[in-house]
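User: I have a structure on my screen and would like to learn why things in it get the names they do. Could you go through it with me?

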Amino acid sequence: MRNFMSEKSANTPRSVIREFVGMSYKYDKVLSFGFGQPDFVTPKHITDAMKESLDRGESFYAPNTGILPLREAISKSYADRGLSYGIDEMVVTIGGTSALLLALEASLDIGDEVIISDPCYAAYDGMIIMLGCKPVRVKIFEEDGFMFNPEAVRAAITPKTKLMLINFPSNPTGGVADYDNMKALAEICVENDIFCITDEMYRELNWTGKPFVSIASFPGMKERTIIVDGFSKTYAMTGARLGYAAGPKEMIAKMIMLLENVFSSVFTAVQWGGVAALTSSQQCVEDMKALYRHRKALLVEGINKIPGISCKDPAGAFYLMANIKQTGLDSRTFAAKLLDQEHMLVIPGVGFGEGGEGFVRFCYATNDENIADGMDRLERFMKTI
Ligand SMILES: Cc1ncc(COP(=O)(O)O)c(C=O)c1O
């Protein structure tokens, strides 16, 4: 029998997060800093809105574009942040994940090169490879706050470079590009006629004290940028699978056409949850953010007290990269030993690219007790290596 597996899928890398989460199932009770998801349940007014939709009998296919009230609410939320996106410049998707894939699909041809950071969100590589394209990784460093070095980006551009895919605040680094850095990236895109996808899933979780600036807001960028966003992180709605993309009309129209071939539309009840999330008081978001800030402070202080491991205060998202270079262990060995000895799960930095080697990722979307327990386990572990 022939090997029916496509080369593309054979070449798609396996998620190290899933691998380590899988390894953790061997142990009875694991203290997890692994999975990147809020530990809060979805706020009640949001789930109520979903239930009400179900009670109205809205169990049919929804419009491919997303329901009008949700697109109107998204449009208004952009206007509130000084960005102008009409209802025909956006599409509602199944999580930010499918928005990303559709945006890449709409803009890339086989063989195109895409600039991404190293380390970066692990799914980027897989998606780009799946589409027959080439991820071109540009290393980013802890000492630069995990921002791109614009010169390194310029050096990575070739005639095949079609796209730059950026993600601030970042998973896994917690880095946030400052205004000047974002401006430099925008200028590179315009000067080199490169399209941009900006993954803004964590834009609300911005600890810099300065407003988040979208690359789409720089001169010449709106027409060459697709913004990917969603409800998973901001509103603790990971299970609802609700996301969206905003960008130039023609690109969005193409994404809607492509979407028809994949998932057709997003469940109406879930979309009404999105309407409630955007149009109600944002106090629930502020409350969750206050807790994330507090937990971040606990974790940063805890890690930096332990000899042999350190971290910088992350600027955004709910992740931090702890520097383990002093231990002499590679990140896989470190994470595997920590899991084995202390039943504590962190993700090896190398799972996000070679540039993540020497680091392990902690997600601090977990409670104070777990953080304190984690620091005890980590301290005990560090004494053994
Ligand atoms: C950087 C980044 N982008 C996109 C996603 C996808 O989010 P979702 O599909 O849950 O909306 C995630 C989820 O972890 C993420 O970390």
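User: Which residue in β12 does Ile 347 stand opposite?

Analyst: Happy to start there, and please keep in mind that this is a predicted model. Opposite Ile 347 stands Arg 361 of β12.

User: What makes β11 and β12 count as a pair?

Analyst: The rule asks for at least two bridges between two strands. β11 and β12 (residues 359–363) have 2 bridges, in the antiparallel sense, so they meet the cut-off of at least two.

User: Why are β9 and β11 said to stand at the edges?

Analyst: Look at the strand order, which is β9-β12-β11 in an open sheet of 3 strands with antiparallel pairing. β9 (319–323) and β11 (347–348) each have a single partner strand, so one side of each is left without a neighbour in the sheet.

User: What is the order of strands in the open sheet of 7?

Analyst: The order runs β2-β8-β7-β6-β5-β3-β4, and the pairing is mixed. Here β2 (90–94) and β4 (134–139) are the edge strands, because each has a single partner and so keeps one side without a neighbour in the sheet. From one strand to the next, the twist averages 25°.

User: How do you know that β3 and β5 pair?

Analyst: Count the bridges again. Between β3 (residues 113–118) and β5 (residues 161–167) there are 3 bridges, in the parallel sense. The cut-off is at least two, so these strands pair. Within this pair, Val 114 stands opposite Leu 163 of β5.

User: Let's turn to helices. Why are α5 and α9 called roughly perpendicular?

Analyst: Helix α5 (residues 95–107) packs on helix α9 (residues 249–262) at an angle of about 110°, and their axes are 9 Å apart. Angles of 65 to 115 degrees count as roughly perpendicular, and therefore α5 and α9 get that name. The contact brings together Leu 102, Ala 103, Glu 105, Ala 106 and Ser 107 of α5 with Met 251, Lys 254, Met 255, Leu 258 and Leu 259 of α9. These contact residues divide into 7 nonpolar, 1 polar and 2 charged. As for handedness, α5 passes α9 in a right-handed crossing.

User: What makes α5 oblique to α6?

Analyst: The angle between α5 and α6 (residues 123–130) is about 40°, with axes 10 Å apart. Roughly parallel would need an angle under 35 degrees, and roughly perpendicular starts at 65. The angle falls in neither range, so α5 is oblique to α6. On the α5 side the contact is made by Thr 97, Leu 100, Leu 101 and Leu 104, and on the α6 side by Ala 123, Met 127 and Ile 128. Sorted by type, the residues of this contact are 6 nonpolar, 1 polar and no charged. Here, too, α5 makes a right-handed crossing with its partner, α6.

User: How do you know that α12 and α13 are roughly perpendicular?

Analyst: The axes of α12 (residues 331–342) and α13 (residues 368–383) come within 10 Å and cross at roughly 110°. That lies in the range of 65 to 115 degrees, so the two helices are roughly perpendicular. Leu 338, Gln 341 and Glu 342 of α12 meet Arg 377, Arg 380 and Phe 381 of α13. This contact divides into 2 nonpolar, 1 polar and 3 charged residues.

User: Which peptide bonds are cis, and where are their prolines?

Analyst: One is the bond from Asp 118 to Pro 119, with omega near 10°. Pro 119 sits in the loop between β3 and α6. Another is the bond from Asn 171 to Pro 172, with omega near 20°, and Pro 172 is in the loop between β5 and α8 (179–191).

User: Why is Arg 241 worth a look?

Analyst: Most residues other than glycine have a negative phi. Arg 241 has a positive phi, near 55°, and lies in the loop between β7 (225–230) and β8 (242–246).

User: Last one: why is the protein chain called as compact as a globular protein of that length?

Analyst: The protein chain has 13 helices and 12 strands. Its radius of gyration is 21 Å, close to the 21 Å that the globule rule gives for 385 residues, so the name fits. The C-alpha atoms fill a box of roughly 60 × 60 × 55 Å along the principal axes.

Key. Residues are numbered from 1 along each chain as its sequence is written. This is a predicted model: local features need pLDDT of at least 70, side-chain atom pairs count only at pLDDT 80 or more; totals for chains, interfaces and linings use all residues. Helices (H or I, at least four residues) and strands (E, at least two) are DSSP runs, numbered from the N terminus. Axes are lines fitted to C-alpha atoms, for helices over the stretch in contact, and angles run from 0 to 180 degrees between N-to-C directions. Angles under 35 degrees count as roughly parallel, over 145 as roughly antiparallel, 65 to 115 as roughly perpendicular and the rest as oblique. A crossing is left-handed if the near helix is turned anticlockwise from the far one by less than a right angle, and right-handed if clockwise. Two residues are in contact if their C-beta atoms, placed from the backbone, lie within 7 Å. Ala, Val, Leu, Ile, Met, Phe, Trp, Tyr, Cys and Pro count as nonpolar, Asp, Glu, Lys and Arg as charged, and the others, Gly among them, as polar. The radius of gyration is taken over C-alpha atoms; the globule rule is 2.2 Å times the number of residues to the power 0.38.
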